[in-house]
Amino acid sequence: MKLASLKHGRDGRLVVVSRDLTRATDAFIVVPTLQRALDDWERYAPALAALAEQLEHGSVPSFRFHEHDCAAPLPRAYARRHAAAWPGYPALLRQAAGAEAAGSEAGRLRHAPSDGFLGPREPLAADDPAASLDLSAGLAVITGDLARGAGMAQAEGAIRLVTLVAEVIRHDRLRPDGLDLDGAEAPALAASLAPVAVTPDELEGAWRDGTLHRPLLVSRNGKALGCPDAGADMTQGLVGQSLVGQGLVGLVAEAARHHALGAGTLISAGPVSNRGIDGGPGRATAEGGAGYACLAEARAAEVLTGGWARTPYLTAGDRMRVEMKDTGGHSIFGAIEHDVTA
């Protein structure tokens with residue numbers, strides 16, 4: 001099933017959305033908010049799934065679904081953990097800056113703000129002309145309750161929903177690998193989620209090996225910035241000190257290694273990043289490559305291949321769009337689309 005939260009109060013109004021994202025029906029007859037549903041998923045999920053099936057058959061009242069009316073699916077989460085799960089991203093930024101390679105940060109989870117996500121179509125304010133403002137796009141999962149020390153099977157079972165995440169970063173305040181001077185993940189100025197969150201079973205064959213295997217489409221002012229494959233080149237998560245081949249599931253297990261996760265915890269995996277054929281920087285889309293999911297990686301690749309960065313950071317008047325489509329070309333989660341304003 002596909003779920004969204006329309007703008008209403010602090011926690012939104014839960015709706016069930018059709019598979020083609022054209023229609024929706026209110027879920028208040030089952031549960032009013034997504035957080036309430038996550039708190040007692042075993043009770044509410046079957047009823048929400050039945051409502052989704054009725055919506056597909058046109059047997060319940062429905063209305064036109066507009067992504068502009070949406071808040072984030074989970075407007076405020078109790079906790080969020082964030083990782084740079086595609087190691088090519090921090091490595092490329094270090095290399096372009098001439099920094100010595102430090103210990104791998106890939107898969108390492110950090111706490112990140114979760115108390116107020118932007119709506120997927122809200123504007124971004126570029127209020128400092130000196131800011132190196134960037135938008136990085138990736139995947140996120142929303143979990144149910146998970147006990148401390150849970151194994152991989154339990155971690156996979158705790159993933160309730162999958163969605164897209166975009167973070168607004170000031171790179172002028174970071175060290176070369178995208179971390180702040182203390183080595184902690186720099187807090188995003190803002191973060192947003194896609195309009196719709198989707199249960200893994202709705203993703204069919206695209207959800208395998210514990211992650212989502214589809215290109216992430218990122219564009220700037222209508223021009224493709226990248227279409228990197230979210231299922232490729234991922235660290236695959238850390239459990240203890242060992243890498244495991246379970247993608248986002250591995251990140252969930254790592255998040256629960258020392259602390260139990262509460263229902264509504266959001267795990268975000270950092271910008272999707274594909275390596276080039278030779279293991280170096282990926283090529284831009286204009287050169288037939290997969291491109292990039294953030295401006296900083298595009299700039300780093302330009303420095304390494306051409307000696308200087310041609311891609312500017314965000315300025316007023318820009319529009320950034322993030323989306324993922326199924327094999328039939330239909331949007332899976334709806335689009336994150338932010339206009340940059342002065």
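**Entry 1: the whole chain**

How many of the 342 residues of the protein chain count as buried? I looked that up first: 57% of them do, where buried means under 20% relative accessible area, exposed over 50% and partly exposed in between, with a 1.4 Å probe and protein chains only.

Note to self: this is a predicted model, so to speak of local features I need pLDDT of at least 70, while side-chain atom pairs count only at pLDDT 80 or more and totals for chains, interfaces and linings use all residues. Residues are numbered from 1 along each chain as its sequence is written, and side-chain values use heavy atoms, with hydrogens and water left out.

I found six helices and 20 strands in the protein chain; these are DSSP runs numbered from the N terminus, H or I of at least four residues for helices and E of at least two for strands. The accessible surface comes to about 14400 Å², by the Shrake-Rupley method with a 1.4 Å probe, and for residues only the protein chains shown count as cover. Carbon and sulfur atoms hold 49% of that surface.

I also checked contacts (heavy atoms within 4.5 Å). Among those between residues at least 6 apart in sequence, 71% join residues at least 24 apart.

**Entry 2: helix H5**

Next I went to H5, residues 247-255. Nine of its nine residues are buried, so the helix is largely enclosed by the rest of the structure. Among them are Gly247, Val249 and Glu254.

I picked Leu248 in H5 for a closer look. Its relative accessible area is 0%. Leaving out residues up to four places away in sequence, Leu248 touches Leu139, Val141, Trp207, Gly210, Thr211, Met234 and Ala269. I also noted that the C-alpha atoms of Leu248 and Gly231 are 9.9 Å apart, with their positions 17 residues apart along the chain.

**Entry 3: cores**

Which residues touch the most other members of the largest nonpolar core? My list reads Phe65, Leu164, Trp207, Leu212, Leu216, Met324 and Phe333, out of 72 residues. H5 gives the most to this core, with six residues. Such a core is a set of buried Ala, Val, Leu, Ile, Met, Phe, Trp, Tyr and Cys residues joined through side-chain atoms within 4.5 Å.

Phe65 has contacts with Ala4, Leu6, Val17 and Cys70, among others, not counting residues up to four places away in sequence. Apart from the largest core lies another of 30 residues, including Leu48 and Ile142.

**Entry 4: a five-strand sheet**

I traced an open sheet in the order S7-S20-S19-S14-S15, with mixed pairing; two strands pair if DSSP finds at least two bridges between them. S7 (124-125) and S15 stand at the edges with a single partner strand each, so one side of each has no neighbour in the sheet. S7 runs parallel to S20 (residues 336-341), joined by two bridges, and Leu124 stands opposite Val340.

S14 (residues 216-220) is mostly covered, with four of its five residues buried. S14 pairs with S19 (residues 319-324) in the antiparallel sense over five bridges, and with S15 (residues 223-226), also antiparallel, over three. I found Arg220 opposite Met320 in S19 and opposite Lys223 in S15. S14 and S15 form a hairpin with two residues between them, and Asn221 in the turn has a positive phi of about 55°.

**Entry 5: a charge over a ring**

Where does the charged end of Arg310 sit? I found it over the ring of Trp308, 5.8 Å from the ring centre; the rule asks for NZ of Lys or CZ of Arg within 6 Å of the ring centre and within 35 degrees of the ring normal.
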